Amino acid sequence: MLKKLISVLGFFITTLIFFQPSFAEINNVEMQVDGMTCPFCVYGIEKKLEALGEVKDASSNLKTGIVDIKLEGNGPLDIERLNEAIRESGFTPGKIKIKATGEVTKYKLEGKENPALKVTGSDQVFLLTSAPNHDKEEFLSEKKLNEVEKATEGGKKEITITGYIHSHPEGVPPALSVESFEVK
Amino acid sequence: MSMNEMFKKCFVALSILVLFVSSIVPTNSVLAAPINSNVALPVRKGGFVFRSQVKWLRATDDPTSLNREVNVVAIPNVLVYGATPDLALFAIFPYIFRNVELTDPSTGKRIDKNDNGIGDLTLIARYTVYARDYPSGTARLAPLAGIKLPTGDDELEPITTDSVNLQLGGVSTVTWDFGRHEVDADLIYRINTEAENFEMGDDLVYDLAYEFRVYPWTLPDVGVPNFLYLVAEANGIFSQKDKLHGKTIDDSGGNILFLSPGIQLATKRFILEASIQLPVIQDLNGNQVETDFVLTGGFRVNLP
């Protein structure tokens with residue numbers, strides 16, 4: 001009886017160690033908020049963001065005007081909800097930069113296969129684009145995107161991509177412009 | 001003249017002063033902002049901000065032989081609600097203490113009278129019609145409209161009145177250099193109506209404020225530090241003469257301009273502030289007691 005109990009416990013412990021549930025791998029979300037220039041107004045912005053179910057914590061940086069958002073659980077990142085929360089706090093949402101981990105797949109859009117990042121542990125998909133050069137308001141070359149595809153070809157590889165996101169019309173996944181990446 | 005009539009005459013003549021204490025200040029709303037005036041910055045949708053101040057007005061310079069000395073302590077409490085990102089609603093409910101001391105001309109003795117109670121309720125709606133945000137600042141313009149209701153204690157007349165009064169105006173705010181500088185300006189016209197045979201003159205109130213962040217001089221690379229501002233304000237009121245039984249009261253109305261240095265500590269949750277309003281122009285009609293100063297201390301809190 002004791003042996004049986006030990007075996008069952010051993011099975012559960014092994015399961016817990018080797019088969020941990022996978023969590024959504026959007027590690028960082030940094031949101032620019034225009035007009036946020038004093039501590040008292042920061043309170044309303046953070047409260048509005050934290051009222052969203054998918055946001056665990058929001059902390060601001062007045063020097064950069066960026067709010068660092070920690071996500072809760074596996075829910076998808078809804079850009080429009082974040083933007084609306086900022087607008088409801090009376091300020092203007094700006095660019096959103098994320099760091100997400102997943103694997104590069106293909107997403108079929110209008111008959112064409114586009115490179116996309118399927119985020120680990122969630123249904124979130126980002127269409128990958130080349131990074132816009134925000135200073136010059138022009139797109140960089142396709143070089144960075146080609147590098148991603150080259151680095152992940154030949155099978156499933158976990159990749160962490162950092163870049164800016166923007167939403168698309170309903171039914172189309174949001175875009176993630178690749179600024180930098182790392183293949184594990 | 002009876003004692004009551006003397007006090008009443010004194011109070012009517014002081015109406016222009018008490019207006020400053022009881023009704024201009026409360027329409028201030030939120031954020032690092034002027035201490036003695038309005039601001040056009042936003043309140044989050046569904047959010048509340050509570051503001052309270054203690055204002056001590058002292059007026060002792062009496063040109064008459066009554067040698068009136070007036071002390072008014074007003075506590076304007078303001079609850080602000082963000083109905084939408086652009087529409088903020090204000091409810092202002094002051095509490096007021098008043099002391100008047102004067103010389104009885106028939107006996108030569110000093111006599112005084114004390115009153116305290118709830119002031120009139122004022123409701124204001126402010127709508128932002130222009131907002132331009134930048135990474136380093138913001139510019140906003142918001143008209144406002146308000147109504148004063150006769151809900152205060154009668155003993156405090158004419159700080160309280162039985163009339164329903166209206167106010168129309170606008171506020172604007174500009175901040176730049178990541179909160180280092182802020183300028184606020186506002187202009188409000190108040191239409192005062194007659195009730196119980198008394199009509200306070202219409203008035204125009206204004207404020208121009210500049211706030212300069214002295215701490216931290218340079219923003220840290222991370223986080224949200226507390227800000228310490230030095231505040232310089234110029235504010236004043238032009239007031240028409242009051243009327244009693246349809247007859248103009250000569251000892252009422254006029255023009256007052258204050259210069260008001262102040263200091264303000266802004267944190268995420270609270271703002272603490274203090275200011276002194278010093279009169280630089282007091283062009284008052286007839287024989288009215290002139291203001292020595294208005295001292296203000298207060299706080300604002302972001303409610304959860």
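Here is a short tour of this predicted model, stop by stop, with something to select at each one.

**Stop 1: where the chains meet**

Start by giving chain A and chain B separate colours. The contact between them draws on 24 residues of chain A and 39 residues of chain B. Putting the two chains together buries about 2,500 Å², and carbon and sulfur atoms supply 62% of that area. Which residues of chain A lose the most area to chain B? Select A:Phe40, A:Tyr43 and A:Lys63: together they make up 31% of what the chain A side buries.

**Stop 2: a pair of helices in chain A**

Next, show residues 39-50 of chain A, which form helix α2, along with residues 79-88, which form helix α3. Two packed helices are described by the angle between their axes and the distance between the axes. Here the axes come within 9 Å and cross at roughly 145°, and the crossing is right-handed.

Now switch on the side chains. From α2(A), pick A:Ile45, A:Lys48 and A:Leu49; from α3(A), pick A:Leu82, A:Ala85, A:Ile86 and A:Glu88, which they meet. Sort the residues of this contact by type and you get five nonpolar, two charged and no polar ones.

**Stop 3: a pocket**

Stay with chain A and look for the second largest pocket, with a volume of about 210 Å³. To find it, select the lining in pieces. One piece is A:Pro76, A:Leu77, A:Asp78, A:Ile79 and A:Glu80. Then add A:Gln124, followed by A:Ser167, A:His168 and A:Pro169, and finish with A:Val172, A:Pro173 and A:Pro174. What mix of residue types lines this pocket? Seven are nonpolar, three are polar and two are charged.

**Stop 4: two loops in chain B**

Move over to chain B and zoom in on the loop between β1 (48-61) and β2 (69-82), where you'll find B:Asn67. Check its backbone: phi is positive, about 50°, although B:Asn67 is not a glycine.

For the last stop, go to the loop between β12 (203-215) and β13 (227-239) of chain B, and click on B:Pro216. Is the peptide bond from B:Tyr215 to B:Pro216 cis or trans? That bond is cis, with omega near -5°.

Methods:
Residues are numbered from 1 along each chain as its sequence is written. Chains are lettered from A and ligands numbered from 1 in the order in which they are written. This is a predicted model: local features need pLDDT of at least 70, side-chain atom pairs count only at pLDDT 80 or more; totals for chains, interfaces and linings use all residues. Side-chain values use heavy atoms; hydrogens and water are left out. On a 1 Å grid over the protein atoms alone, a cavity is a set of points where a 1.4 Å probe fits but cannot get out, and a pocket is an open set with protein on both sides within 12 Å along at least five of seven lines; lining residues have an atom within 4 Å of a point. Grid points are joined across faces, edges and corners, and a volume is the space filled by probe spheres set on the points. Ala, Val, Leu, Ile, Met, Phe, Trp, Tyr, Cys and Pro count as nonpolar, Asp, Glu, Lys and Arg as charged, and the others, Gly among them, as polar. Axes are lines fitted to C-alpha atoms, for helices over the stretch in contact, and angles run from 0 to 180 degrees between N-to-C directions. Helices (H or I, at least four residues) and strands (E, at least two) are DSSP runs, numbered from the N terminus. A crossing is left-handed if the near helix is turned anticlockwise from the far one by less than a right angle, and right-handed if clockwise. Contact means heavy atoms within 4.5 Å. Buried area is the accessible area (1.4 Å probe) that two parts lose on being put together, summed over both.
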